[in-house]
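Here is a quick walk through how the helices, the core and the domains of this structure fit together. Keep the 3D view open while you read.

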Amino acid sequence: MFQQRTQKSGRSVATWYRSGGLSAVFFALPLVLIFLYFSWGPIVRGLVLSFQKNNLVAPPEWVGMSNFSYVLTDPQLPQAALNTLYFCLLALVFGFPVPLFLAVFISELRKTGWLYNVLSYLPAVVPPVAAILLWTFFYDPSGAGVFNSILGWFGLGPFAWLNSQTLAMPAIVLEATWAGAGATSIIYLAALTGVRTELYEAAELDGAGIWSRVWHVTLPQIRGIILIMMLLQLIGTFQVFTEPFLFTGGGPNNATTTILLLIYRYAFINGDFGAATALSVLLAGVLCVLSVVYHFVTRRWSTT
Amino acid sequence: MSYERGIISTADRQRGLVRYGLPTIQVLIFIGVLIAGVGPLLWLLKSGVSTSQDILRGPMQLWPSGIQLKNIPDAWNRVQIGAYLGNTAFIAIGSMISTLFVCTTGAFVLSILRPKWGPVVTGAVLATLFLPGVISLVPLYMPVLKMPVLGISLQNTFWAVWLPQAAGAFNVLVMKRYFDSIPRELIEAARIDGASNLRLFTSLILPLSKPIVGVVALLTVIGSWKDYLWPLLVLPDPRLQPISVALPRVAKTTEISLQMSALFLAVLIPVVLFLLFQKQFLRGVGMAGGIKE
């Protein structure tokens, strides 16, 4: 009996080996190791860390919910959350329609479309950090700054731009829109090539004008990609870091401090990794809820 | 040659408003994208060969105190833009190789070999897709300082950038979906011909998936090109830093004229590369958008 069983399992190991079971393990090894070290591991560790006091020097210490209560009562948090929402809103209102409009427009041009494409994609090729440094210079608050002297020709300004509490955030969104519009419009353009042109014919026969054709045919046809790009943009803007970090460092007077900037300060300036991960976990939770809600709200439109 | 019709039909184009309005809008938008796309680059070109005083006093004037061509070699030598651009390229290519290696082998197991434990791995990879990146920003820093089990530190090595890049669930799943669409008959035929798993992978699956490999490679390079925070954290050594991390640091200590020439050089090379390969590039980026759907 016992012998029979070992023989059987021995045979199954052999068949497993012969059918390539071992090589499947070898093939999976890079993926599993990389994800263990740099994806699954850090996610679990993040959850653990948020309940610990940890500065990477002293041994970690369990502190229960105190990281969360510390983060949630931090007087900077409401301001940072509002700033992040404000950035999202501005990026949505100004940054979202621009590439869509550009893509619909370019798709109508048969011969010269590529030129518009290349020109509008150029800002995306500029290294983002170089672009930010350049724009910091454009936003020079003195009368001799680039934007101020251009506006000065029309008798406007000078504006304080990044030094002004009210203008700093719109200024950052303006740069982000400039940098991102070309890349997004390429994606819309690719989607627009799939629009069935018979529908335009039909709409025209029914007496629809150009604008109502755009509104009732073009946009509904690429609705799927529009909804996804909007969600990706929301998730991206909630985690905005580089622009406010390099433009203003969160100033003036914390007017551009975003959630991610706060996380960065907790972790890499104060050395409080517990608080930083607690805030990361909270933000991730909010984003998950946002995605789920978004999915349910937009499902009605995307399946019709 | 007949074009497929667009939103605006030939009948529309006869109407007066469209006939004259459309070219006007075209010209206006052309001026818009021209100013947005080329304007800053031209300004940078101008400022890259100006004196600091000119840049500060009259940023919109054309060289009141003459053209300073020597700024460019100065920036190249003193700011070492060449070295930083080299680091950037090295980081981008390394990230691309590690990403492609991990996601092709992984997708091969999950899609073609389909071992019993495959769905568990697929599920675990899929789950990370729904978690925003912010959750692992800080804890990702810790295995880099000291790798668990191995006990080595990756800080100040390029591995610290290359390896975490490869843990992208999106790439693995996109690759898996593409492999799923390869007809099973081809794989069965290769098996009957006695192909081993390795041979199946290198001689059948990889050659069949060139388009998707290209798109993933392009997306990885663009992503690593734009990355700032992560290399800033894990590469404190100035000699290893990519241009994105080096520029803001250098900007604090160099005079404005050199800073502008350095920026100009940092922008010039990618722009030239883009203009040379624009067709392939734009097609690849457009395809990537289709995948997101």
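H7(A) and H15(B) are oblique to each other, because their angle falls in none of the ranges for roughly parallel, antiparallel or perpendicular. In this predicted model, the two helices, H7 (residues 128-138) of chain A and H15 (residues 256-276) of chain B, pack at about 140° with their axes 10 Å apart. To count as roughly antiparallel, the angle would have to be over 145 degrees. The crossing of H7(A) and H15(B) is left-handed. On the H7(A) side, the contact is made by A:Ala130, A:Leu133 and A:Leu134, and on the H15(B) side by B:Leu263, B:Ala266 and B:Val267.

Two of those contact residues turn up again in the core. The largest nonpolar core has 150 residues, and A:Ala130, A:Ile263, A:Leu279 and B:Leu263 touch the most other members. Helix H9 (residues 168-192) of chain A is the top contributor to this core, giving 17 residues. As a general rule, nonpolar side chains in soluble globular proteins tend to be buried together.

What does A:Ile263 touch, leaving out residues up to four places away in sequence? Its partners are A:Ala276, A:Leu279 and A:Ser280 in chain A, plus B:Leu137 from chain B.

Now for the domains. Each chain is divided into two, as laid out here:

| Chain | Domain 1 | Domain 2 | Distance between C-alpha centres |
|---|---|---|---|
| Chain A | 2-49 | 68-303 | 43 Å |
| Chain B | 12-79 + 254-278 | 81-248 | 35 Å |

In chain B, 7 residues of domain 1 are in contact with 5 residues of domain 2. On the domain 1 side of that contact, the elements giving two or more residues are helix H4 (71-79) and H15 of chain B. H15(B) gives the most to this side, with 4 residues. So if you're tracing H15(B), look at it twice: H15(B) packs with H7 of chain A, and H15(B) also contributes to the side of domain 1 of chain B that touches domain 2.

One more residue to pick out is B:Arg249, in helix H14 (residues 243-253) of chain B. Is B:Arg249 buried or exposed? B:Arg249 counts as exposed because it has 11 C-beta neighbours inside 10 Å, and the cut-off for exposed is 12 or fewer. From B:Arg249 to B:Pro238 is 9.1 Å, C-alpha to C-alpha, and the pair are 11 residues apart in sequence.

Notes
Residues numbered from 1 in each chain as written. Chains lettered and ligands numbered in written order. Predicted model: local features only at pLDDT ≥ 70, side-chain atom pairs only at ≥ 80, totals over all residues. Core = buried A, V, L, I, M, F, W, Y, C linked by C-beta atoms within 7 Å. Buried ≥ 20, exposed ≤ 12 C-beta atoms within 10 Å, placed from the backbone. Contact = placed C-beta atoms within 7 Å. Domains from an automatic or database assignment. Axes fitted to C-alpha atoms, helices over the stretch in contact; angles between N-to-C directions. Parallel < 35°, antiparallel > 145°, perpendicular 65-115°, else oblique. Left-handed = near helix turned anticlockwise from the far one by under 90°.
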